[in-house]
Amino acid sequence: LRNTRKHTEPLSFFDREKDDIDRENQLIQALGRALKEKELQTHYQVKVCLQTGSADDAEALVRWYHPDYGMISPGEFIPVAERHGLIMPITEYMLYEVCRQLQKWDQEGMRSMKAAVNLSARHFHLVGANRRLINIVESMHIDPSRIEFEVTETAAVADLDQAVRLLEELRRAGFTIALDDFGTGLSSLTYLQKLPADTLKIDKSFIDTITSSEKNQAVVKLMIDFAENAGMKTVGEGVETKEQAEILTELGCHYGQGYFFQKPVHPSQLQTLFSIRQQA
Ligand code: C2E
Ligand code: MG
Ligand code: MG
Ligand code: MG
């Protein structure tokens, strides 16, 4: 893992390759253990309604704190999990956690809360994966309309027919679907029109540049109008400044998500935010 890499000496190509394989094997063993020991944590990041400022929706993001190696980012271990057949157990784990959290929010009187779970690109190739997700939510007695599955535009378009079929099945079961990291996939509009989605999440890269030129704003406006015409909601991802939030609001974007509003946090901290909001 990160700490085992030796940066002091330059490695030969073959050494480096071996180092990477060792690291991947180490990581996958540790991850298997982490899943068994329930070492993975679920953090939540709110999606804020730009019109009203209310936040009754949050995305679940997996967190792995390894006792020896420290925090390992999902950007690092999710691709490894995908390659080694561990992605479905992670998705199922996260979905269970989200169902438990929704139950908890219900008990605390926050019945309007919704949550989102990220699906991997591998999802579209796993036989019976949809059924397993649907069964989890049924067994936890959660209304599926309170759960949104996020799938990247790239993942969905890479296997369009299968993606359309499986996403439609999830929608028929009552879930909603969001296209994540939207705009980065270079997909043609013809493809995008075919994808059954309720929400379009405009990638952070577009939000980063939204304040720098009118041209960039026009591109975001185009995405918002496209979504509007297709009956979809829009979320601006990675909003870090007030200015970005203001422009998104002006352009008619529905929700904002990002460090400006709140970083992903442990659910206990998220609750504090709501109690403050409720008192105000
Ligand atoms: P994503 O689903 O697009 O999630 C957004 C990422 O951007 C998260 O990183 C979040 O912490 C980060 N972010 C949010 N607001 C800001 C901001 O204002 N500034 C900056 N710089 N970053 C912001 P994270 O949690 O490291 O996750 C990275 C990616 O890993 C996610 O991208 C998602 O594709 C994947 N991932 C995370 N959790 C899961 C999971 O449970 N299952 C699966 N399959 N993938 C997951
Ligand atoms: Mg996401
Ligand atoms: Mg995203
Ligand atoms: Mg992403």
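**Two magnesium ions and ligand 1**

Hi everyone, let me start with one residue: Glu-237 has a relative accessibility of 12%, and it therefore counts as buried, since the limit for buried is under 20%. Please keep in mind throughout that this is a predicted model.

What does Glu-237 do in this model? Together with Asp-180 and Asp-181, Glu-237 coordinates the magnesium ion listed as ligand 3. Asp-180 and Asp-181 each give an OD atom, and Glu-237 appears twice with OE, at distances of 2.0 to 2.7 Å. Along the sequence, the donor residues of this ion follow the spacing D-D-x55-E. Asp-181 sits in strand β7, residues 176-182, while Glu-237 belongs to strand β9, residues 233-237, so this pair links parts of the chain that are 56 residues apart in sequence. And is Asp-181 buried, partly exposed or exposed? With a relative accessibility of 28%, Asp-181 counts as partly exposed.

Now let's move to the other ion. The magnesium ion called ligand 2 has four donors: Glu-59 through OE, Asn-118 through OD1, Glu-150 through OE and Asp-180 through OD. The distances here run from 2.0 to 2.3 Å. The spacing of these donor residues in sequence reads E-x58-N-x31-E-x29-D. Glu-59 is in strand β3 and Glu-150 is in strand β6, residues 147-152, so these two tie together parts that lie 91 residues apart in sequence. Glu-59 and Glu-150 are both buried.

You may have noticed a name that came up for each ion. Which residue bridges the two magnesium ions? That is Asp-180, which coordinates both ligand 2 and ligand 3, and the two ions are 4.3 Å apart.

While we are at Glu-59, let me add one neighbour. The side chains of Glu-59 and Gln-257 are joined by a polar contact of 2.9 Å. Gln-257 is part of strand β10, residues 255-257. At 2% relative accessibility, Gln-257 counts as buried.

Next comes ligand 1. How many residues surround ligand 1? There are 21 of them, and the closest are Arg-63, Asn-118, Asp-180, Glu-240 and Tyr-259. Two of those names are familiar by now: Asn-118 is a donor to ligand 2, and Asp-180 is the bridge between the ions.

Where does the shell around ligand 1 come from? Four elements supply at least two residues each: β3 (57-66), α2 (74-83), α3 (87-107) and β7. Strand β3 gives the largest share, with four residues. Remember that β3 also holds Glu-59, and that β7 also holds Asp-181.

Let's look at a few atoms around ligand 1. Gln-45 places a polar side-chain atom 3.1 Å from a nitrogen atom of ligand 1. Asp-181, which we met at ligand 3, has a polar side-chain atom 3.0 Å from an oxygen atom of ligand 1. With Tyr-259, the backbone takes part: one of its polar backbone atoms is 2.8 Å from an oxygen atom of ligand 1. Taken alone, ligand 1 exposes 800 Å², and the protein buries 80% of that. The space that ligand 1 takes up is the largest pocket.

Before I finish, here is a quick tour of some other residues.

Lys-38 lies in the loop between α1 (13-36) and β1 (40-46). Its phi is near 55°, a positive value in a residue other than glycine. Lys-38 is exposed, with a relative accessible area of 58%. His-141 also has a phi near 55°, and His-141 is found in the loop between α4 (129-139) and β6. At 72% relative accessibility, His-141 counts as exposed.

Back in strand β9, where we find Glu-237, there is also Lys-233. Lys-233 is partly exposed at 40% relative accessibility. Its C-alpha atom is 9.2 Å from that of Ala-197, and the two residues are 36 apart along the chain.

Finally, Met-71 is in strand β4, residues 70-72, and is partly exposed at 46% relative accessible area. Between the C-alpha atoms of Met-71 and Ala-245 there are 29 Å, with 174 residues separating the two along the chain.

If you take one picture home, take this one: Asp-180 coordinates both magnesium ions and is among the closest residues to ligand 1. Thanks for listening!

Notes
Residues are numbered from 1 along each chain as its sequence is written. Chains are lettered from A and ligands numbered from 1 in the order in which they are written. This is a predicted model: local features need pLDDT of at least 70, side-chain atom pairs count only at pLDDT 80 or more; totals for chains, interfaces and linings use all residues. Side-chain values use heavy atoms; hydrogens and water are left out. Donors are N, O and S atoms within 2.8 Å of the metal (3.2 Å for Na, K and Ca); water is not among the atoms, so sites may look incomplete. Buried means under 20% relative accessible area, exposed over 50%, partly exposed in between (1.4 Å probe, protein chains only). A residue is near a molecule or strand if one of its heavy atoms lies within 4 Å of it. A polar contact is a pair of N or O atoms within 3.5 Å; within protein, one must be able to donate a hydrogen and the other to accept it, and residues adjacent in sequence count only if both atoms are side-chain atoms. Accessible areas come from the Shrake-Rupley method with a 1.4 Å probe; for residues, only the protein chains shown count as cover. On a 1 Å grid over the protein atoms alone, a cavity is a set of points where a 1.4 Å probe fits but cannot get out, and a pocket is an open set with protein on both sides within 12 Å along at least five of seven lines; lining residues have an atom within 4 Å of a point. A molecule sits in a cavity or pocket if more than half of its atoms lie within 2 Å of its grid points.
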